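Colleague: Before we discuss particular regions, could you put the model on the screen, so that we can go through it by question and answer?

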Amino acid sequence: MVRDNLPPASEVFGALPEPRPDGEALRAAIRARRAADRVLLGVLDDDPTGSQSVHGVQVVTVLDEDACEAALGGAAATCFVLTNSRSLGERDAVQLTTRAASGLIAAASRRGARIDLISRSDSTLRGHVMAEVGALAAVRRESSGRDVDGVLLIPAFIEAGRLTAANIGWARTSSGLVPVGETEFARDPVFGYAASDLRDFVAEKSGGAISRDDVASIGLADIRLGGPPRVRDLLAGVRDGTWVVVNAAAYSDLETVACAVLQAEQAGQSFLFRTGPSFVRALSGLEPRAPLRGQEIRPAAGRGQHGLIVVGSYVSQTSRQLAALQASGGITGIELDVPALLSAGDANSVATATARQVVGALEHADVLLYTSRTLVQGSSKQRTLAISRAVSAALARITGLVLAVRPAWIIAKGGITSHDLAVQGLGMRRAEVAGQLFDGLISVFRPADAAPDAIGMPYVVFPGNVGDDQMLSQAVEILRAG
């Protein structure tokens, strides 16, 4: 049963102690501990948007041990594997997660190091939560011969206003902070849920196999008043794969927990992590970086003058951003009619015809390619996912055909959309995360191993559920100014 007697945000956040002021020292301690203990970080990302909080790390889109080993050799000692498993059914997601985790562990072993594994997913809690963590736990058990002590649930995405306090997931909206179970994301047709208290959420997603009272938590008072020693002591009592809700409303909260985790691991404990984007930066020990501008995002020589914006996400946040971009002018809009695409005998012919329109329009202006705004759902979750994959495949095919005219840049809006465009459209196997367009939001990839016409092109990964109504328009202006 899902509880609904939640306190208001003003009551929760008004009573919090101040964040710790020692973030820089914590980050230095995390980097030093990782280096001393030879700890690498492997991130299994269920869509390509999890890298928004990091920079100077590499992402791979293939289940290839050599690619993972090369990525782990970077300065951040961190590798993202883009699984795109949120677009798959549960069985396929488990199989893919198992293969990706096994490859990361093997790649770390080649480097003579151990590796922490993060299952990075949606800060608003959508995804194959229990199944993917279960797959990681099984791989860990097989490789180490022992069960993990705990699973830390850390959905916080600080920059996007996705916070956890009083064990409640909160999301910043135009109306202020609201419990995440009351947002549109909780009504997702595939991954919907009712609970906002994350202890109830774990119980709900486990189908009752885990009781709310069996879920531990680390509170903000523990983190902010007790620091790493208090958190380490709490972790020392975690055993037998216990789920632990980690509260966090600032980066120093996450860095305190990351420091304590590394100390607990040094003492022999083992953990898995189901997180939003921000904890990846914390456990990496990365310093914040200013948003990218000018020369940092300028396309390589020999590219076209105009860019392409591809919008596949259907959440209302995206639709508002789409409308604002269209209203700003200077954009040629081309709609992909989804019902027509799905009913067509040959979807490839529809995509090819649309690609010809885009190529012609790019000669004169930036082009907005977007799916019709009425969400088409199937008769089951599996059928709905299949429809999403078909639409995303069409967008990727169009992008691949357009790539021959070498657009100046590409923005992909939506997690599944951005993954399929990268892999199927751009032929991307490996890329570096240069940084973000905004403070911790909207990553810019530099393809390193991809189709020749994609090399040197800024590829912007823009989540469907991030930003105010004007952020897509602002992103376009930043790229134009580059």
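**Helices, a small sheet and the cysteines**

Modeller: Gly 207, which comes just after H6, takes a positive phi of about 70 degrees. Please keep in mind throughout that this is a predicted model.

Colleague: How many of the 8 residues of helix H6 are buried?

Modeller: Residues count as buried under 20% relative accessible area. In H6, which spans residues 198–205, that applies to Leu 198, Arg 199, Asp 200, Phe 201, Val 202 and Ala 203. The helix is therefore largely enclosed by the rest of the structure, the number of buried residues being 6 of the 8.

Colleague: Which elements do the buried residues of H6 pack against?

Modeller: Contact is taken here as heavy atoms within 4.5 Å. On that basis the buried residues of H6 pack against one helix, H5 (129–144), and against the strands S5 (150–154), S6, S7 and S10 (242–246).

Colleague: Two of those strands, S6 and S7, also belong to an open sheet; in what order do its 3 strands lie, and which are the edge strands?

Modeller: S6 and S7 are joined by 4 bridges and run antiparallel, and S7 (residues 168–173) pairs with S8 in the antiparallel sense, again over 4 bridges. The order is thus S6-S7-S8. The strands that pair on one side only, and so form the edges, are S6 (162–165) and S8 (176–179).

Colleague: What is the average angle by which neighbouring strands of this sheet are turned against each other?

Modeller: The strands follow one another through hairpins, with 2 residues between S6 and S7 and 2 residues between S7 and S8. In the turn between S6 and S7, Ala 166 has a positive phi of about 55 degrees. With direction ignored, the average turn between neighbouring strands is 35 degrees.

Colleague: Which residues are the bridge partners of Ala 171 in S6 and in S8?

Modeller: Ala 171 lies in S7, where it is the bridge partner of Arg 162, while in S8 its partner is Val 178. A further pair across S7 and S8 sets Arg 172 opposite Leu 177. For Ala 171, then, the partners are Arg 162 and Val 178.

Colleague: Is Ala 160 buried or exposed, and which residues does it touch?

Modeller: Ala 160 is found in the loop between S5 and S6, and because its relative accessibility is 12%, it counts as buried. Its separation from Ala 450, which is 290 residues away in sequence, is 30 Å, C-alpha to C-alpha. Leaving aside residues up to four places away in sequence, Ala 160 touches Arg 172, Leu 441 and Val 466.

Colleague: How far from the sulfur of Cys 68 is the nearest cysteine sulfur?

Modeller: The structure holds 0 disulfides, and Cys 68 is accordingly in none. Cys 68 counts as buried at 4% relative accessibility, as does Cys 259 at 10%. A disulfide would require the sulfur atoms to be within 2.5 Å, whereas the nearest cysteine sulfur to Cys 68, that of Cys 79, is at 4.2 Å.

Colleague: How are helices H13 and H14 arranged: parallel, perpendicular or oblique to each other?

Modeller: H13 (residues 381–402) and H14 (residues 415–425) have axes 8 Å apart and pack at an angle of about 45 degrees, in a crossing that is right-handed. Among the residues that meet there are Leu 395 and Ala 396 in H13 and Asp 420 and Leu 421 in H14. Since 45 degrees falls outside the ranges for roughly parallel, antiparallel or perpendicular, the two helices are oblique.

How values were computed: Residues are numbered from 1 along each chain as its sequence is written. This is a predicted model: local features need pLDDT of at least 70, side-chain atom pairs count only at pLDDT 80 or more; totals for chains, interfaces and linings use all residues. Side-chain values use heavy atoms; hydrogens and water are left out. Two strands pair if DSSP finds at least two bridges between them. Axes are lines fitted to C-alpha atoms, for helices over the stretch in contact, and angles run from 0 to 180 degrees between N-to-C directions. Buried means under 20% relative accessible area, exposed over 50%, partly exposed in between (1.4 Å probe, protein chains only). Angles under 35 degrees count as roughly parallel, over 145 as roughly antiparallel, 65 to 115 as roughly perpendicular and the rest as oblique. A crossing is left-handed if the near helix is turned anticlockwise from the far one by less than a right angle, and right-handed if clockwise.
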